[in-house]
Amino acid sequence: MEELGQISLLPINRFTDFGAYLATKSGEEVLLPKRYLTGNEREGDVLSVFIYTDSEDRPVAVTDTPKATLDQWAVLEVKEVTQIGAFLDWGLPKDLFVPKAEMGKPMQAGNKYLVKVCMDYRTNRLIGSGKYRDFFYPAPKDYEPGNEVEGLIFEKTDLGYKVLLEDRYEGLLYANEVFQQLQLGEKKRLFVKKRRDDGKLDLQLLPTGRVKYEEGAEKILEILKEKGFLPLHDKSDPEEIKVLLGMSKKHFKQCIGQLYKAREIQILEDGISLSKKGS
């Protein structure tokens with residue numbers, strides 16, 4: 001069944017006491033259980049459904065949207081770990097099964113992991129694979145410093161945050177350069193800092209060069225326009241700056257220096273405020 005693992009538009013073929021049978025492209029039928037029907041449907045109506053297999057490995061349609069479809073990646077939370085594998089929450093009544101051989105690393109209940117939804121062609125079932133390195137490639141050389149990319153934050157290590165780019169490349173945000181809260185599974189706009197010899201990418205949250213300081217300066221100006229005053233200055237504790245602004249002390253000092261030169265702010269003994277020009 002070519003629709004297995006996909007979101008498809010399928011017509012209602014007929015109704016039964018258990019629900020509605022939908023017609024697939026191959027001429028087969030797949031059941032949409034009664035709980036997914038509103039009662040207003042008619043034969044021939046086209047419904048958007050996701051098809052996977054139920055607990056007895058029979059194809060079934062649901063109107064729920066999974067967090068990932070076939071060949072897609074998602075960061076999913078483990079609900080249960082057994083001797084044969086782990087069961088992950090992917091937004092459907094039946095959890096996504098990751099066989100022990102596909103874990104990549106031992107999984108623990110309550111933790112989140114990057115998983116790719118795959119087809120197990122031996123059983124014709126959808127499974128998850130946590131062995132992400134089997135699917136990654138070296139990033140091409142046209143990834144240059146300053147390039148803007150979108151990344152999926154998928155793992156936190158002592159070194160920093162691992163990031164998935166374009167479903168096939170691996171990047172890293174170094175922990176000592178992150179001054180804001182990041183969540184696993186979050187998508188972020190990022191910037192290439194360096195392409196390493198192994199094809200992995202060093203990334204950063206802010207653009208490089210002068211644009212970086214302008215962006216941070218704009219954030220400070222917006223806060224000052226709202227609050228009128230910020231109790232921060234060049235002798236403030238770095239942790240306090242990180243909590244209030246989500247940036248390093250070095251970045252903060254560069255930003256207020258730029259704003260001061262532009263006569264946008266006043267630097268006071270206990271903080272900063274808008275200048276008459278910026279107010």
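Phe87 is partly exposed, at a relative accessible area of 25%, where buried means under 20%, exposed over 50% and partly exposed in between (1.4 Å probe, protein chains only). Phe97, in turn, counts as buried at 14% relative accessibility. The model is predicted, so local features need pLDDT of at least 70 and side-chain atom pairs count only at pLDDT 80 or more, while totals for chains, interfaces and linings use all residues. Residues are numbered from 1 along each chain as its sequence is written, and side-chain values use heavy atoms, with hydrogens and water left out.

Aromatic pairs come next. Rings of Phe, Tyr and Trp (its six-membered ring) pair if their centres lie within 6.5 Å, with planes under 30 degrees apart counted as stacked, over 60 as edge-to-face and the rest as tilted. By this rule there are 10 aromatic pairs. In one of them, the ring centres of Phe87 and Phe97 are 5.1 Å apart and the planes lie at 40°, so this pair is tilted. Because Phe87 belongs to strand β7 (residues 85–89) and Phe97 to strand β8 (residues 96–99), the pair ties together parts that are 10 residues apart in sequence; strands here are DSSP runs (E, at least two residues), numbered from the N terminus. A tilted pair is also formed by Tyr132 and Phe136, with 5.2 Å centre to centre and 40° between the planes. Tyr132 is buried at a relative accessible area of 8%, and Phe136 is buried at 13%. Both residues belong to a cluster in which ring pairs link Trp73, Tyr132, Phe135, Phe136 and Phe154.

Tyr132 also appears among the contacts of Glu155 (heavy atoms within 4.5 Å). Glu155 is located in strand β11 (residues 148–156) and counts as buried at 15% relative accessibility. Leaving aside neighbours within four places in sequence, the contacts of Glu155 also include Lys105, Tyr161 and Leu184. With Lys105, the side chain of Glu155 makes a side-chain polar contact at 2.8 Å; such a contact is a pair of N or O atoms within 3.5 Å, where within protein one must be able to donate a hydrogen and the other to accept it, and residues adjacent in sequence count only if both atoms are side-chain atoms.

Strand β11 is also part of a barrel, which five strands close in the order β11-β12-β13-β15-β14 with mixed pairing; two strands pair if DSSP finds at least two bridges between them. Within this barrel, β13 (residues 169–174) and β15 (residues 201–204) run parallel and are joined by three bridges. Leu172 stands opposite Asp202 in β15.

Terms used
Helix = DSSP H or I, 4+ residues; strand = E, 2+ residues; numbered from the N terminus.
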